[in-house]
Amino acid sequence: MAWEKNSLMKSHESLVLLILLLPCGLMNVILTVNNNTQNYILKTMPGASESLKCAVQNHNQREELLWYREDRMVDLKDENKINSSDICISPVDKDDNGVTFTCMLQRNESVNISVTLNVIYKPILNGTDRQIVEEGKSIKIDCTVRSNPQARMTWYRNNSVLNLEKDHHEIYQTSELFQLSISNVLKSDNGTYTCHANSSLNLEVKDFHLIIEDKKITVPIEPIIAAIVVVVLTILFGLIARRKKIMKLCIKDEKSQSNTSL
């Protein structure tokens with residue numbers, strides 16, 4: 001009985017020791033990406049090639065690694081998973097800006113390290129080059145912009161900074177849209193409007209040609225249709241009201257024709 005009790009105590013001690021040692025071993029294991037031990041931001045630019053090398057430090061066994069691009073797992077070859085793993089981003093695209101790549105231990109995903117791409121590129125402007133609007137109506141000129149870092153936006157008209165008039169001009173801006181609204185357009189609003197995007201990398205501009213047409217004289221269709229309906233109904237009601245007299249005249253004509261034939 002004493003021997004069994006002693007064996008049971010040793011088993012419990014071994015189990016406790018194993019439980020205590022596993023977390024310690026795991027705590028000593030750290031990951032690095034390109035020798036960085038903490039999450040970091042990688043500054044790059046479109047067209048570049050970036051290599052990310054994830055390595056396990058302080059390991060005492062074979063550690064399998066996983067790579068994620070945002071929430072999607074990257075497909076790795078078997079020989080590119082154990083203790084170190086490399087991925088290549090080539091070519092870098094402006095759409096990769098803000099994308100995070102994460103390397104983690106397969107057996108414990110809480111051990112991980114991330115790299116976020118900061119893709120630097122000059123402003124890219126787009127929009128409808130030529131717009132025609134009738135005098136008295138409203139128009140919106142949309143200048144779409146993509147830039148990193150974010151550009152400082154300004155509207156010009158005929159090569160001069162646009163003087164914004166209250167209740168006539170309005171500007172709406174988001175990270176990717178710089179919009180100019182003109183209410184109740186006048187002939188004097190005719191001209192070339194230029195969207196200026198000024199960033200630390202470059203100044204980019206785009207022209208928008210606004211053409212104001214004369215106000216068109218339109219014939220009011222609805223009142224004309226309403227008048228025609230009223231006239232037709234009046235004639236119809238008049239005929240219905242006088243149907244007895246009309247029928248009497250028809251009968252008299254038939255009698256007179258029959259008397260003449262006799």
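**Figure 1. Aromatic pairs in the predicted model.** In this predicted model, the count of aromatic pairs comes to two. One of them is formed by Trp155 and Phe178, whose rings are stacked, with 5.5 Å from centre to centre and 10 degrees between the planes. This pair links distant parts of the chain, as Trp155 belongs to strand β12 (residues 152-157) and Phe178 to strand β15 (residues 177-182), 23 residues apart. Trp155 and Phe178 are both buried. Together with Phe208, Trp155 and Phe178 make up one aromatic cluster. Phe208 also has a charged neighbour: Lys206 lies over the face of its ring, at 5.6 Å from the ring centre.

**Figure 2. The largest nonpolar core.** This core holds 24 residues, and those that touch the most other members are Leu31, Val33, Leu52, Trp67, Phe101 and Cys103. At least two core residues are supplied by each of β1 (30-33), β2 (40-44), β3 (50-57), β4 (65-69), β6 (84-89), β7 (100-105) and β8 (112-119). The largest share, four residues, comes from β8. A view centred on Phe101 shows its contacts beyond the neighbours within four places in sequence: Leu52, Trp67, Tyr68, Arg69, Ile87, Ile89, Ile113, Ser114, Val115 and Leu117.

**Figure 3. The second nonpolar core.** A separate core of 20 residues includes Ile139, Ile141, Phe178 and Ile182. Phe178 is thus shared with the view in Figure 1, where it stacks with Trp155.

**Figure 4. Two cis peptide bonds, each ending in a proline.** Ser90 and Pro91 are joined by a cis peptide bond with omega of about -10 degrees. Pro91 is found in the loop between β6 and β7. The bond between Asn148 and Pro149 is also cis, with omega of about 10 degrees. Pro149 is found in the loop between β11 (139-148) and β12.

**Figure 5. Positive phi at Asn158 and Asp167.** Asn158 is not a glycine, yet its phi is positive, at about 50 degrees. The residue is found in the loop between β12 and β13 (160-161). Asn158 counts as partly exposed because its relative accessibility is 40%, which falls between the limits of 20% and 50%. Asp167, likewise a residue other than glycine, has a positive phi near 65 degrees. Asp167 lies in the loop between β13 and β14 (169-173). Its relative accessibility is 70%, so Asp167 counts as exposed, the limit being over 50%.

**Figure 6. Whole chain, for orientation, and its low-confidence stretches.** The protein chain has three helices and 17 strands. Of its 262 residues, 30% count as buried. Among contacts between residues at least 6 apart in sequence, 63% join residues at least 24 apart. The accessible surface comes to about 18,300 Å², and carbon and sulfur atoms account for 55% of this area. The mean pLDDT of the chain is 86, with 80% of the residues reaching 70 or more. Residues 1-12 have pLDDT below 50, and this stretch makes zero contacts in the model beyond near neighbours in sequence. Residues 14-25 also have pLDDT below 50, again with zero contacts beyond near neighbours in sequence. Predicted coordinates should not be read in detail where pLDDT is low.

How values were computed
Residues numbered from 1 in each chain as written. Predicted model: local features only at pLDDT ≥ 70, side-chain atom pairs only at ≥ 80, totals over all residues. Heavy atoms only, no water. Phe/Tyr/Trp six-rings, centres within 6.5 Å; stacked < 30°, edge-to-face > 60°. Buried < 20%, exposed > 50% of the residue type's maximum accessible area, 1.4 Å probe, protein only. Lys NZ or Arg CZ within 6 Å of the ring centre and 35° of its normal. Contact = heavy atoms within 4.5 Å. Areas by Shrake-Rupley, 256 points an atom, 1.4 Å probe, with all protein chains shown as cover. pLDDT = per-residue confidence, 0-100. Core = buried A, V, L, I, M, F, W, Y, C linked by side-chain atoms within 4.5 Å.
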